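Could you walk me through this protein in my viewer, one selection at a time? I would like to know what to click on and what I will find there.

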Amino acid sequence: MGYEEYLNSIKKMIDDLKAMTADLGLANTGDEYKVISELFTYKFLNDKLLYSYENRDDKSESFDEYIDFADSQIASIEEQYLLNNLFQRSNEKDFHKTFDKAMIAVSDRNQDVYSIETSTGSKKPLFEPLSAYLRDPDKENELAKRAINILCKYNFGDIYNKGWDYFSSVFEYLIKDFNKDSGKYAEYYTPASAGAIMADILYNDTPVDNVTLYDPAAGSGTLLLSMADKIGTRNCTLYSQDRAQKSTQFLRVNLILNNLAHSLENVVEGNTMIAPAHLKGDKIQQFDFIVSNPPFNVDFSADVETMKVDKYGRFFAGIPNIPPKDKSDMAIYLCFLQHILSSLNDKGKAAVVVPAGFLTVSRRTSKIAYMIREKITDKNWLRGVISMPSNIFATTGTNVSILFIDKTRTKEDKDVILIDASKLGDKVKLDDGQRTILSSDDEKYIIDVFKKKKKIDNFSVVVSNERIKQRKYSYSAGHYFDLKVEFEEISDEEFSEKISTYSTNLDNYFAIGNKLEKEIKQWIEVFKHE
């Protein structure tokens, strides 16, 4: 099954599940989201287990033997609780109790591996009983029976070795309805094209082993998964944090489906700004690679006082002011940037999505942004910047850029590449508005130009740190493009004719202006106070 076929199938299944929950009175509620997300999580774990069992090396091994010895990449589900077996029992009396029992059993059997930890240290189970989400006991059996019929209608077979983010596009499909339980914070989903560009450039064709990857605002894990797929899932360990419950839940399942279950214990639900979960003693843990698309403008006003006394010393440039009119305009991405710089080890590399305004904002307008750019440049950490096309994200029309940081740069390597890719991509009309889609050729072109530091007119420029300092630490490629003046050879007669035409046009414009001036004054004289 290819990715497009998979997307079509999962969206159809979600539509069926949404129709079911709407009929049961859960439309557009947090409980509707939980029911749907739990059901297709169960579906994925079920189908991956069956796929793995069917492709086992020892064909004489029974199902019970297989799940007893299967590794953490496979969910352990008793045969009686496989979806097809539950389907066979769906006409039994009180089937909802059987389904609830199955979900609890799967959670309990896999709790050591699949339970998610919060920043307070508590553990959340993989599943809750479905009946807990209904207020009407008479509808519990209907929910269970309709759910099992929908889940068994679809088959997600050979999709588990693809390195996909199985849920990023599903998120885009869901957020129009399920945007209420965690607010804007979790809605910064990164398109796969941006993830691929970031991963390829950071990896830089250099095999690595036993490295750490981190995202302090991970969402469903698009960027982490792209990076892990490039490096190799066996060569890396993932760490993440996100304060949105739904994002963390999908990331957890993504790791399971992508053979990254060994990193599940490092997935934490919590607020990175006030309670960073990944520490080494009393200091921030540092990582080999960081990829992140942090929230840009979000209300973190309740956390400001705690952040001001940050015991980890992360916020060297300060904390953005709380806007007086709209607290949701607080530029929290500046705090995430500082946290990322603190979380990068001495040989670390990072790729971070930032709003395009960060590249050029003056010291007077944003001292914090200016100081961050100043530090990155003065430390010789800036490898390059890519300004992306507008409307490339599903949930924001904000123009964005990707900032590449590399602490391995030597004193001799002071050249930085700046790319303006804003004119690339195809404009596509979707239900939620216009979107810009980068083709695979666009992606390859950007990656090739960046890695080879090619200078291309009005697209890319290579500049020194010193030149960046002279331009007040501007990271915008357009500020460094050469202004080209094209000259055209013309005769004396042609020159005189052009000047005569310009002069005549100006006379006409002046005449029109004088006429308008007189008419306006006449109208002013007519006005009276009443």
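## A first stop in a loop

Asn204 is partly exposed, with a relative accessible area of 27%. To find Asn204, go to the loop between α9 and β3 (211–215). Its backbone is worth a look: phi of Asn204 is near 55 degrees, a positive value in a residue that is not glycine. As background, most residues other than glycine have a negative phi. Please keep in mind throughout that this is a predicted model.

## Zoom out for a moment

Show the whole protein as a cartoon. You should find 17 helices and 15 strands in the protein. Of its 530 residues, 52% count as buried. Contacts between residues with a separation of 6 or more can also be sorted by sequence distance: residues 24 or more positions apart account for 76% of them.

## Helices α9 and α10

Now select residues 192–203, which form helix α9, together with residues 222–231, which form helix α10. The axes of these two helices come within 9 Å and cross at roughly 45 degrees. That angle makes α9 oblique to α10. Turn the view until one helix lies over the other, and you will be looking at a right-handed crossing of α9 and α10.

Next, show side chains where the two helices touch. On the α9 side, pick Gly195, Ala196, Met198, Ala199, Asp200, Leu202 and Tyr203. On the α10 side, pick Leu223, Ser226, Met227, Lys230 and Ile231. Coloured by class, the contact of α9 with α10 has 8 nonpolar, 2 polar and 2 charged residues.

## Helices α13 and α14

For a second helix pair, select residues 333–342 for α13 and residues 367–378 for α14. How far apart are the axes of α13 and α14, and at what angle do they pack? The axes are 10 Å apart, and the angle is about 25 degrees. The two helices are therefore roughly parallel to each other. As for handedness, α13 passes α14 in a left-handed crossing.

Show the side chains again. Leu334, Leu337, Gln338 and Leu341 come from α13, and they meet Ile368, Ala369, Ile372 and Ile376 of α14. By class, this contact of α13 with α14 has 7 nonpolar, 1 polar and no charged residues.

Stay in α13 and select Tyr333, which lies in this helix. Is Tyr333 buried or exposed? Tyr333 is buried, with a relative accessible area of 8%. Leaving aside neighbours within four places in sequence, Tyr333 is in contact with Pro295, Phe296, Pro355 and Phe358. You can also draw a distance from Tyr333 to Ala369: these residues are 36 apart along the chain, and their C-alpha atoms are separated by 9.7 Å.

## The loop before α13

Step back along the chain to Ile322, in the loop between α12 (304–308) and α13. Ile322 is partly exposed, with a relative accessible area of 36%. Once neighbours within four places in sequence are set aside, the contacts of Ile322 are Ser301, Val304, Lys327 and Met330. For another distance to draw, try Ile322 to Asp299: 23 residues apart in sequence, they sit 8.1 Å apart in space, C-alpha to C-alpha.

## A buried threonine

Jump to helix α1, residues 3–23, and select Thr21 within it. At 0% relative accessibility, Thr21 counts as buried. Which residues does Thr21 touch, not counting those up to four places away in sequence? They are Leu26, Ala27, Glu32, Val35 and Ile36.

## Cysteines

Select Cys236 and Cys335 next. Cys236 counts as buried, at 3% relative accessibility. Cys335 is buried too, at 0%. How many disulfides does a search of the whole structure find? The search finds 0.

## A last stop in a loop

Finish at Lys453, in the loop between α15 (440–452) and β15 (460–464). Lys453 counts as partly exposed, at 28% relative accessibility. Check the backbone here as well: phi of Lys453 is near 50 degrees, a positive value in a residue other than glycine. If you return to Asn204, you can look again at a positive phi, near 55 degrees.

Conventions. Residues numbered from 1 in each chain as written. Predicted model: local features only at pLDDT ≥ 70, side-chain atom pairs only at ≥ 80, totals over all residues. Heavy atoms only, no water. Axes fitted to C-alpha atoms, helices over the stretch in contact; angles between N-to-C directions. Helix = DSSP H or I, 4+ residues; strand = E, 2+ residues; numbered from the N terminus. Parallel < 35°, antiparallel > 145°, perpendicular 65-115°, else oblique. Left-handed = near helix turned anticlockwise from the far one by under 90°. Contact = heavy atoms within 4.5 Å. Nonpolar A, V, L, I, M, F, W, Y, C, P; charged D, E, K, R; others polar. Disulfide = S-S within 2.5 Å. Buried < 20%, exposed > 50% of the residue type's maximum accessible area, 1.4 Å probe, protein only.
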